[in-house]
Number of protein chains: 4
Amino acid sequence: MPNKQKIINDPIYGFITIPSELVFDIIEHPYFQRLRRIKQLGLTAYVYPGALHTRFHHALGAMHLMVTCIDTLRSKGTEISTEEAEGAIIAILLHDIGHGPFSHALESVIVKDVDHEEISLLFMNKLNEVFEGKLNLAIQIFQNKYHKNFLHQLVSSQLDMDRLDYLKRDSFFTGVSEGIINSDRIISMLRVANDTLAVEAKGIYSIEKFIIARRLMYWQVYLHKTVLCAENMLVKILKRAKYLVKNGVDLPSTPPFNFFLKNEISRQMFFDDSKIAEVFSRLDDYDIFTSIKMWQWSDDKVLNLLCNNLVDRKLLHIEISNKAFDGDKQGIINKRVQEKLNLTEEEASYFVISDSVSNNAYKPGQDKINLLYRDGTMIDIADAADQLNISVLSNTVEKFFMCYPKECAVKD
Amino acid sequence: MPNKQKIINDPIYGFITIPSELVFDIIEHPYFQRLRRIKQLGLTAYVYPGALHTRFHHALGAMHLMVTCIDTLRSKGTEISTEEAEGAIIAILLHDIGHGPFSHALESVIVKDVDHEEISLLFMNKLNEVFEGKLNLAIQIFQNKYHKNFLHQLVSSQLDMDRLDYLKRDSFFTGVSEGIINSDRIISMLRVANDTLAVEAKGIYSIEKFIIARRLMYWQVYLHKTVLCAENMLVKILKRAKYLVKNGVDLPSTPPFNFFLKNEISRQMFFDDSKIAEVFSRLDDYDIFTSIKMWQWSDDKVLNLLCNNLVDRKLLHIEISNKAFDGDKQGIINKRVQEKLNLTEEEASYFVISDSVSNNAYKPGQDKINLLYRDGTMIDIADAADQLNISVLSNTVEKFFMCYPKECAVKD
Amino acid sequence: MPNKQKIINDPIYGFITIPSELVFDIIEHPYFQRLRRIKQLGLTAYVYPGALHTRFHHALGAMHLMVTCIDTLRSKGTEISTEEAEGAIIAILLHDIGHGPFSHALESVIVKDVDHEEISLLFMNKLNEVFEGKLNLAIQIFQNKYHKNFLHQLVSSQLDMDRLDYLKRDSFFTGVSEGIINSDRIISMLRVANDTLAVEAKGIYSIEKFIIARRLMYWQVYLHKTVLCAENMLVKILKRAKYLVKNGVDLPSTPPFNFFLKNEISRQMFFDDSKIAEVFSRLDDYDIFTSIKMWQWSDDKVLNLLCNNLVDRKLLHIEISNKAFDGDKQGIINKRVQEKLNLTEEEASYFVISDSVSNNAYKPGQDKINLLYRDGTMIDIADAADQLNISVLSNTVEKFFMCYPKECAVKD
Amino acid sequence: MPNKQKIINDPIYGFITIPSELVFDIIEHPYFQRLRRIKQLGLTAYVYPGALHTRFHHALGAMHLMVTCIDTLRSKGTEISTEEAEGAIIAILLHDIGHGPFSHALESVIVKDVDHEEISLLFMNKLNEVFEGKLNLAIQIFQNKYHKNFLHQLVSSQLDMDRLDYLKRDSFFTGVSEGIINSDRIISMLRVANDTLAVEAKGIYSIEKFIIARRLMYWQVYLHKTVLCAENMLVKILKRAKYLVKNGVDLPSTPPFNFFLKNEISRQMFFDDSKIAEVFSRLDDYDIFTSIKMWQWSDDKVLNLLCNNLVDRKLLHIEISNKAFDGDKQGIINKRVQEKLNLTEEEASYFVISDSVSNNAYKPGQDKINLLYRDGTMIDIADAADQLNISVLSNTVEKFFMCYPKECAVKD
């Protein structure tokens with residue numbers, strides 16, 4: 001690969017080597033470069049200031065693990081051709097290419113009912129045109145249409161390279177060191193039997209710890225109450241902006257963001273009209289956050305206040321609980337907000353958020369993690385003797401939260 | 001503290017500062033220096049070649065955590081006087097001073113029915129004489145006779161500084177990185193309420209992970225099958241040596257080891273005759289392992305073979321199982337050993353080991369880990385909502401193993 | 001400090017504790033929060049994708065080291081009052097508060113002849129008003145007007161907490177692990193004699209390594225050729241934008257950035273008109289990069305091309321050399337650019353950059369690093385026997401570079 | 001490789017994979033297993049308690065780097081056959097197999113004028129017999145008799161895999177983190193030109209830092225004054241023991257150690273009589289230290305005192321200086337020792353040690369580190385422009401030291 005930079009520094013793995021010229025060219029493409037401008041964890045840096053890493057960096061990391069993993073599986077006798085390897089590598093590299101900025105917050109505002117995996121597929125198809133069909137196999141693997149099932153499992157399952165990298169990367173950059181998993185060891189224990197991915201039985205404690213680490217990251221980072229609060233404020237900002245634009249208010253914003261604020265895009269339109277995806281491909285964290293910065297001077301009191309608060313990190317107060325909040329509480333607080341901030345009930349509703357989040361650390365059944373014994377038996381890890389606690393971890397944990405201006409709190 | 005080295009390099013914490021002159025002098029004492037010659041993990045380096053760290057290093061590490069922890073608790077308003085602080089620091093520093101070499105393997109051979117905590121207390125009392133009563137408070141705390149109960153809990157409980165350091169240190173030096181716990185974070189979440197140590201409720205996931213890490217270390221390191229095998233071979237060597245000495249064979253060994261081989265020491269004698277403890281204080285890894293090296297030339301075939309095998313790391317084969325082995329199996333293998341090695345049944349029994357190990361990751365009840373809620377409620381972590389899996393981890397897991405010469409294996 | 005978050009997670013130090021309520025309130029102020037939106041290393045992430053850390057994070061890190069350092073110096077007998085400690089802590093916390101986005105690139109475009117330290121001082125004075133004079137001592141220390149000279153040296157010298165943190169942080173996030181310095185050890189070797197900061201003589205090798213690490217970071221990261229190229233492209237973009245605006249072209253940009261594009265601000269004006277600093281305090285990476293994103297659709301060919309190239313990371317080719325380039329070369333390449341891109345000579349000049357960079361790893365004399373011997377002698381480290389190589393490192397190294405479109409290269 | 005353990009945990013590299021069955025069998029051989037019982041850094045743990053790692057562990061680490069390095073060189077187009085790779089791997093694995101316990105201290109006492117590399121070769125030849133000639137190529141490479149010169153350079157030169165591993169490993173286990181080098185990056189910059197090993201020119205700063213790290217490790221660890229003192233006490237102990245044995249005193253010691261104490265072995269005898277090497281192959285840290293422990297009860301006052309002091313870490317006082325000590329000083333101190341300890345002049349001389357140590361960080365000329373430019377030029381790194389400081393580092397630094405009982409110190 002003459003004259004093409006082949007090695008990228010990574011604080012986690014040391015070096016990431018780009019495995020082929022095609023992969024290099026895909027990385028160079030503007031669709032992929034866009035991921036440099038989309039943070040992996042959105043507003044999480046408001047709690048963990050180091051959490052500024054991007055989807056670009058994560059995609060490279062997951063690619064690196066895929067390369068390592070393929071080497072390992074080959075050394076254990078699993079046949080994987082050069083083409084299959086490149087297919088799996090490209091599939092993991094592009095698995096998140098359809099993510100928009102502040103993904104969870106925006107999805108309800110920008111394009112409803114389209115999940116980012118579908119958009120990833122859309123962009124993979126566009127890139128396949130650019131690269132003249134060289135992504136065919138990657139797309140088959142991504143869609144689980146390729147006969148060697150385990151290649152898809154490496155891209156998407158409860159033990160895929162995506163998860164191994166993001167858990168490690170997110171804990172690294174947040175500094176929540178308990179989330180750090182040993183991806184090397186987990187990969188060294190993978191094996192393929194009957195075209196299915198499995199973990200060697202002796203790896204059971206590592207997997208258990210991986211699941212616990214994931215659970216910890218959920219409650220400590222992804223669903224951290226301050227992060228939840230900031231993200232919900234962002235959702236409210238976007239809703240208010242959309243509402244104002246719909247009512248004819250002229251809000252300053254960047255061209256691609258403006259497009260999505262002005263137009264109500266249906267799922268159908270998104271996949272039919274290729275121009276829309278093109279606009280989407282221009283959208284990143286800069287568009288959203290810069291627009292919010294500009295709205296700090298909006299004439300609309302609600303938008304103005306929410307944007308100033310978010311930019312200066314003056315967040316709403318958040319209460320979190322294992323039980324649902326009393327139905328009246330939200331109403332009472334809304335009343336107080338109306339009084340204190342001199343707002344209508346409808347306006348006040350932007351400052352009183354009540355919702356819940358839930359998570360289960362492991363989902364048995366589909367996508368399960370298989371344990372492979374020396375005698376060839378393969379079972380779902382949740383069913384392994386001695387692992388009662390994994391089955392327990394399959395239970396869904398739900399938590400309720402309410403956000404509101406601190407000065408409007410009510411005593412229980 | 002003029003002219004006294006005050007800072008020790010530690011690959012784990014960076015620097016360990018010796019907090020006072022008295023502590024410095026205790027560390028300098030030969031009783032404590034002896035711990036430099038006792039590996040924390042005995043024969044574990046046969047599996048993890050980095051695991052050569054000593055009880056000396058661990059004691060310093062636990063002392064360091066105690067210093068940090070006391071600072072933290074004070075910053076949260078718990079009053080701890082200078083004397084109490086030094087007492088707790090000395091108590092943790094000396095908590096393992098009674099350990100002999102290859103502790104678990106030797107305890108049945110050297111002094112029966114005396115556990116190392118009693119011997120630690122014995123040495124603490126001896127040091128208290130040397131230092132003219134300055135260890136009084138440390139001893140009270142160690143024995144849980146001091147009214148501020150939490151000080152003892154820092155020295156000895158399921159969340160004591162001992163555990164925090166050894167888990168971290170053992171995973172560091174073995175390279176089993178999944179066992180690494182975040183001692184800083186755990187300590188930062190400790191709090192004292194009603195003179196009792198507790199973890200702030202938000203720390204629940206960290207504690208959960210701490211328990212899982214401990215469980216993983218048990219099965220991956222402390223009870224690793226190859227380690228089990230080597231330790232059991234060591235036990236057999238010691239038994240054989242003792243048997244031979246009792247029958248008048250003159251085995252070369254170092255003077256302190258020789259003393260314990262020649263004499264049957266009862267619990268009573270150990271605590272009554274202060275000379276015995278003095279001999280014990282001379283005994284370390286060097287005595288045991290060098291004697292075994294010398295026994296490689298013994299005329300006794302059993303001892304000769306076992307010692308050669310252990311020194312050259314030609315270990316017996318070990319089988320491990322969740323179920324007890326068939327009662328006949330041991331007998332059949334013994335027969336084979338008799339034939340292959342030309343031994344009597346009794347001699348052959350040294351090469352066929354059958355036993356079990358068990359562990360429970362968390363023990364509710366006594367010594368429990370308390371969770372402290374904002375409203376002041378304190379509960380056992382195993383009873384916390386959302387932590388069903390901790391209660392599950394309280395179940396005892398038992399595994400059965402059998403060791404024998406590989407060439408004498410039988411098909412099941 | 002009730003109800004105020006006191007601990008911040010940091011992947012480098014583990015935890016950063018906010019030492020006082022005043023410091024907490026300063027951190028909460030929008031001036032300081034703005035630093036969350038200014039990357040420490042500008043466009044360096046184009047080479048090292050992890051290098052997204054902000055001036056916010058660095059300021060907290062330097063504050064953390066200051067706290068540690070003050071503890072150390074006190075433990076060695078240097079008297080530092082609570083007020084002095086807080087003064088030094090606030091001085092280091094705010095030492096970079098005057099930095100604008102993409103500092104080096106923008107300084108020539110936004111406000112000429114004003115260096116960021118002067119702006120930092122301006123903001124410190126503004127904050128001092130807000131906090132009713134509580135920053136007086138911090139400002140004195142920052143300006144080196146306080147009699148205990150060493151406090152200023154901790155804030156600004158060749159061994160200040162600023163450098164210790166940024167070298168460590170930059171090497172951490174870039175993954176250039178050779179740059180990692182042992183800040184703990186260096187701090188542990190600091191000492192104050194005659195109100196002057198010095199390193200204990202035994203620390204000489206650590207300091208030597210610190211200087212070499214800094215030198216390595218310069219050439220490997222700060223002056224990495226690809227980073228140089230991207231930054232120089234950014235400078236050209238800003239120059240072109242300013243030129244166009246001056247000529248009446250209406251370029252979309254954010255309000256604060258627009259202000260600086262439209263107005264030529266002199267040094268005098270900046271310090272006289274407090275509104276200007278207020279606008280400056282609104283400016284961050286988002287303003288600059290989002291405007292560049294919008295200029296991708298500019299009608300001006302030069303701006304359009306440069307912006308598209310920068311956003312999509314299609315950088316100019318860069319040549320680097322220890323000798324100055326032949327004077328004709330730039331002219332010849334400019335001609336080629338005119339032809340290939342169909343531009344005028346003046347327009348082409350935006351695509352042909354020729355300049356040099358220089359660095360000396362250590363500067364003897366003012367700001368020097370002092371070595372303190374046991375007998376009380378203090379000398380400049382460059383003069384220490386056995387350290388000939390440090391004096392050698394004082395030599396300035398200069399390198400020349402030229403950037404241009406790859407297809408316009410000329411053979412030498 | 002069925003039924004052979006292939007992966008070893010290492011806290012530094014994560015996992016070390018054993019690359020072939022032959023290598024596995026060599027590692028299993030008692031000659032190699034002996035290295036488990038020889039600490040890499042002798043008595044250094046008296047200063048850095050973590051420094052207990054063994055020559056066994058280091059040899060595996062160096063082997064691991066060799067595997068990585070061969071992969072890298074192959075990926076850059078250098079042809080290395082499977083046999084050559086295995087040869088180089090075995091050569092590095094066994095490069096230190098001839099080391100005895102406490103190498104530097106013992107060499108003058110045990111076998112004079114034989115350096116450990118010659119003994120390594122002797123053992124390699126013995127192993128070559130055991131493995132029926134399969135080590136031929138390894139031995140050729142080790143002796144630099146194989147035509148591909150760079151393979152020998154990887155085993156033995158100023159940038160060999162030995163150094164890369166030991167610097168990294170020693171700094172890791174001591175906790176002297178400034179010594180940590182980035183072996184991955186250095187290896188990634190290696191290249192072969194004209195069968196000679198070279199570093200790509202861009203790697204110059206990494207090499208500079210590597211040399212500085214080595215220099216730091218010398219003065220901070222290998223020649224640390226307390227380590228020097230302990231090692232010199234050990235030398236004195238061995239000299240006294242040898243003297244006593246020669247004079248007919250019956251000292252207890254282990255059989256192999258006893259052999260070397262009793263017999264004066266010449267270089268000739270060592271290589272002629274294969275039984276001597278066999279005895280040597282039984283000798284390890286346990287023999288030496290256990291014998292010293294036993295000599296704590298010796299009737300000889302000198303031996304008794306020195307051994308008690310070394311075992312209990314009551315070390316002599318050591319003074320270190322850049323200048324040679326005044327000739328009279330040693331005599332005056334010796335007199336004091338005679339008085340205080342009631343010894344003859346000759347006996348007192350065991351307690352007054354005067355010597356010097358020297359080190360040069362880089363040696364130009366033979367074994368030099370080559371820098372390879374893009375145009376194919378290759379130069380000694382000490383001659384590279386901009387690297388004046390490396391040439392400065394070639395100067396030899398010498399330091400003088402004197403050890404004696406603290407109470408016998410004289411004022412200068």
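1. A good place to start is chain A of this predicted model: the centres of its domain 1 and domain 2, taken over C-alpha atoms, are separated by 33 Å. The domain assignment builds domain 1 of chain A from 7-94, 135-222 and 361-388, while domain 2 of chain A takes in 225-357 and 401-408.

2. Where these two domains of chain A touch, domain 1 gives ten residues to the contact and domain 2 gives ten residues. On the domain 1 side, you will find five nonpolar residues, three charged and two polar.

3. Next, have a look at chains B and D, whose contact draws 31 residues from chain B and 31 residues from chain D. On the chain B side, at least two residues each come from β1 (7-10), α2 (30-33), α3 (55-75), α9 (161-174) and α16 (285-294). The largest share there belongs to α16(B), with six residues. Sorted by class, the side of chain B that touches chain D holds 15 nonpolar, eleven polar and five charged residues.

4. Finally, a single residue to visit is I207(D), found in helix α11 of chain D, which covers residues 204-222. I207(D) counts as buried because 22 other C-beta atoms lie within 10 Å, and the cut-off for buried is 20 or more.

5. Leaving aside residues up to four places away in sequence, I207(D) touches V199(D), I369(D) and I381(D). For another point of reference, E178(D) sits 29 residues from I207(D) in sequence, and the two are 15 Å apart in space, C-alpha to C-alpha.

Methods: Residues numbered from 1 in each chain as written. Chains lettered and ligands numbered in written order. Predicted model: local features only at pLDDT ≥ 70, side-chain atom pairs only at ≥ 80, totals over all residues. Contact = placed C-beta atoms within 7 Å. Helix = DSSP H or I, 4+ residues; strand = E, 2+ residues; numbered from the N terminus. Nonpolar A, V, L, I, M, F, W, Y, C, P; charged D, E, K, R; others polar. Domains from an automatic or database assignment. Buried ≥ 20, exposed ≤ 12 C-beta atoms within 10 Å, placed from the backbone.
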